[in-house]
Amino acid sequence: MKQERHVLVIFPHPDDEAFGVSGTISTYREMGIPVTYACLTLGEMGRNFGNPPFANRETLPQIRKQELLKAAEAMGIDDLRMMGLRDKTVEFENDEKMVKLVADLIEETQPSLVISFYPNLSVHPDHDATARAVVRAIRRMPESERPTLYTIAFAHNTREVLGDPDIIHHVEGAAKKKLATMNAHASQTVWMMQDMEKRLAEQDPEALKWLHYERFYTYRWDQDFE
Amino acid sequence: MELVQPAHLQELIDSFANKDVYIHLETTNGSYASHFKEGFFNAGAFIRNVVVKYELGKVAGESPHRIGLKLPYGWVYAQGITHYTLDEHGRLLMAGLDPEGKLAVSLEISETPFTY
């Protein structure tokens, strides 16, 4: 993995980093690279209350906040920002306010690399809205000053639109931290992780591939989304 | 939250009648519904911290229950309520959870605004 000056990670929900980026974040931290994680909401509108329920609509934000803190600790992140937006409302915020939120984070942290979603290929409206703000904020910077932007995309038509990811990080060395990050978000992941840990124990190739490799699309300004 | 005991829930609903109360009403299939099931028509609605005063509130049906609130000029109702609790802030939180414990509908009543 390339050396970076500072990495800025921007996602809307407390567990968005866990599945596909936590190995990368942990590895950067092990390399001594500063990582800022800006999480826009507390995932207040999550649906997993459990059976019997361990949460309700009003207690879930506090639970997910604690999980986020635990996940940041697992990845070795010491600069976690909770940005105070509300889950499922990001796309309805003022677009300029969203661009400014991202621009301010970039100005403050001076990242050489930003990691977020890819606009309109990231399924959840909050993901796409976050991605649009990130792209717009960086686009306004002079080309020579723009940080690199790595994006995650997982809509069904992703491969059709973007082809294969051009960045593949080998993060096997951070496997334990990646699993710890997933487990930290227990309210969202506990069912998935039971299955995942069984598959990993059986050396299932797909599960191992998920654990050991993370894939990103470098945002291409010559193929801008708008 | 506990499984709805209709008589007890009815008492709680009655205790908020004829007062200005804050309402949270939500239905959801989850933002990923049409990602996981192609062609799924994903619909939902969400209101939070709207103030109403209801003259009559009723728990109806077997579980999952229907809850209806009659207002001077209108109605609020929720279908599919399975669980409820009166929390430590005196708010009545009702939810409809599917067998996996995923929220499908929520109706909450409070004399103070909901936070977050």
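A helix axis here is a line fitted to the C-alpha atoms over the stretch in contact, and angles between axes are taken between N-to-C directions. With that in hand, start with two helices of chain A in this predicted model. The axes of α3(A) and α4(A) come within 8 Å of each other and cross at roughly 65 degrees, and that crossing is right-handed. On the α3(A) side, the residues that meet α4(A) are A:D95, A:M98, A:V99, A:V102, A:A103 and A:I106. Their partners in α4(A) are A:A133, A:V134, A:R136, A:A137 and A:I138. Sort the residues of this contact by type and you get nine nonpolar, two charged and no polar.

Now follow A:V134 inward. Leaving out residues up to four places away in sequence, A:V134 touches A:I10, A:V102, A:V114, A:S116 and A:L149. The largest nonpolar core has 28 residues, and A:V134 is among those touching the most other members, along with A:I10, A:L40, A:V102, A:V114 and A:L149. Strand β1 (7-11) and helices α3 (95-109) and α4 (125-139) of chain A each give two or more residues to this core. There's also a second, separate core of 25 residues, including A:V9, A:V35, A:A71 and A:L113. In soluble globular proteins, nonpolar side chains tend to be buried together.

A histidine is worth a stop too. A:H169 sits in strand β6 (residues 167-170) of chain A. It counts as buried because its relative accessible area is 5%, under the 20% cut-off. Beyond its neighbours within four places in sequence, A:H169 is in contact with A:M1, A:T24, A:Y28, A:Y150, A:H212, A:Y213, A:E214 and A:F216.

Next, look at where the two chains come together. Here 25 residues of chain A are in contact with 27 residues of chain B. About 2200 Å² is buried between the chains, with carbon and sulfur atoms giving 53% of that area. On the chain A side, A:R47, A:E58 and A:R86 supply 32% of the area buried against chain B, more than any other three residues.

Finally, some backbone oddities. Most residues other than glycine have a negative phi, and most peptide bonds are trans. A:N51 and A:P52 are joined by a cis peptide bond, with omega about 0 degrees; A:P52 is in the loop between β2 (35-39) and α2 (60-75) of chain A. Chain B has a cis bond between B:S63 and B:P64, with omega about -5 degrees, and B:P64 lies in the loop between β4 (56-60) and β5 (65-71). As for phi, A:V123 is not a glycine, yet its phi is positive at about 70 degrees.

Technical notes. Residues are numbered from 1 along each chain as its sequence is written. Chains are lettered from A and ligands numbered from 1 in the order in which they are written. This is a predicted model: local features need pLDDT of at least 70, side-chain atom pairs count only at pLDDT 80 or more; totals for chains, interfaces and linings use all residues. Side-chain values use heavy atoms; hydrogens and water are left out. A nonpolar core is a set of buried Ala, Val, Leu, Ile, Met, Phe, Trp, Tyr and Cys residues joined through side-chain atoms within 4.5 Å. Buried means under 20% relative accessible area, exposed over 50%, partly exposed in between (1.4 Å probe, protein chains only). Helices (H or I, at least four residues) and strands (E, at least two) are DSSP runs, numbered from the N terminus. Contact means heavy atoms within 4.5 Å. Axes are lines fitted to C-alpha atoms, for helices over the stretch in contact, and angles run from 0 to 180 degrees between N-to-C directions. A crossing is left-handed if the near helix is turned anticlockwise from the far one by less than a right angle, and right-handed if clockwise. Ala, Val, Leu, Ile, Met, Phe, Trp, Tyr, Cys and Pro count as nonpolar, Asp, Glu, Lys and Arg as charged, and the others, Gly among them, as polar. Buried area is the accessible area (1.4 Å probe) that two parts lose on being put together, summed over both.
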